[in-house]
Amino acid sequence: MNISNGVQGAGKIDVPQFQTLMLPLLKVMGGGHEMSTIQMRDAVAINLFMTAEALSLHLSIGQQNAFNNRMRWAITFLYKACLLKRPRKATYIISEIGKQVLLEHPVEIDAEFLRSYDNFNKFHHSPSGEYESLVPAYITNKHLNKECEININPSKIHHLRVKITTQNAQVYYLNLI
């Protein structure tokens, strides 16, 4: 059975969207201790009273665990905004910026909130102000290899290269006018 948020499971069990996980994740990290991604995941799950059934749900596309996928996106967004630091692979700690955010007692942290951080904007530049350019969550593990490079059909890469070149040329010519 597909649930509206793209998760397979029975009944009305729900897995929070990744943006909903960002504030609880930052609060968990607020203690200032280094944590592995697994420790972060477990701490947030406990903090949110996630049931074993909810934690076992998978995305409707592929066999990826929904909660793990959304936690990875939440971690990535907080890291790219420099609210978290990564002292080594798969290990994070709250940054000074992250501590300051917690002192402000935000009601929520989402992508719009993170836009106030330059490093996040460098990571995710969207001139239209929309977030459709984000890679859909179900693609994350499906197309990433060990080195975190996206494995996509070469013809799609060529198509994207042509599209980017065309857009750059249009911007260049508009600036000449």
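In this predicted model, R88 finds its bridge partner in strand 6, at T91. This bridge belongs to the antiparallel pairing of strand 5 (residues 84–88) with strand 6 (residues 91–94), which runs over three bridges. Further along the pair, L84 stands opposite I94 of strand 6. The two strands form a hairpin with two residues between them, and here A90 takes a positive phi near 60°.

T91 appears again on the other flank of strand 6, where it is the bridge partner of S36. Alongside, M35 has Y92 of strand 6 as its bridge partner. These residues bring in strand 3 (residues 35–36), which pairs with strand 6 in the antiparallel sense over two bridges. Taken together, the strands make an open sheet of three, in the order 3-6-5 and with antiparallel pairing. Strand 3 and strand 5 are the edge strands, each pairing on one side only. Helix 4 packs on this sheet, where it touches strand 5 and strand 6, and the direction of the helix makes about 100° with that of strand 5.

It is worth pausing on the side chains of strand 6. T91 and I93 point one way from the strand, while Y92 and I94 point the other way. Residues on both sides are buried: this holds for T91 and I93 as well as for Y92 and I94.

Helix 4 also leads to the aromatic residues of the model. A search of the whole structure finds eight aromatic pairs. One of them joins F77 and F120, with ring centres 5.2 Å apart; the planes meet at 55°, so this pair is tilted. Because F77 lies in helix 4 (residues 66–80) and F120 in helix 7 (residues 118–123), the contact between the rings ties together parts that are 43 residues apart in sequence. F77 has 0% relative accessibility and therefore counts as buried. F120 is likewise buried, because its relative accessibility is 0%.

From F120 the ring contacts continue to F123. The centres of these two rings are 5.8 Å apart and their planes stand at 55°, so this pair, too, is tilted. Here both partners sit in helix 7, three residues apart, which is about one turn of the helix. F123 has 32% relative accessibility and so counts as partly exposed, whereas F120, at 0%, is buried.

These two pairs are part of a wider arrangement. Ring pairs link F77, F120 and F123 with F18 and W73 into a cluster. Helix 4 thus takes part in both themes of this section, because it holds F77, whose ring pairs with that of F120 in helix 7, and it also packs on the sheet through strand 5 and strand 6.

Note on methods. Residues are numbered from 1 along each chain as its sequence is written. This is a predicted model: local features need pLDDT of at least 70, side-chain atom pairs count only at pLDDT 80 or more; totals for chains, interfaces and linings use all residues. Side-chain values use heavy atoms; hydrogens and water are left out. Two strands pair if DSSP finds at least two bridges between them. Helices (H or I, at least four residues) and strands (E, at least two) are DSSP runs, numbered from the N terminus. Buried means under 20% relative accessible area, exposed over 50%, partly exposed in between (1.4 Å probe, protein chains only). Rings of Phe, Tyr and Trp (its six-membered ring) pair if their centres lie within 6.5 Å; planes under 30 degrees apart count as stacked, over 60 as edge-to-face and the rest as tilted. Contact means heavy atoms within 4.5 Å. Axes are lines fitted to C-alpha atoms, for helices over the stretch in contact, and angles run from 0 to 180 degrees between N-to-C directions.
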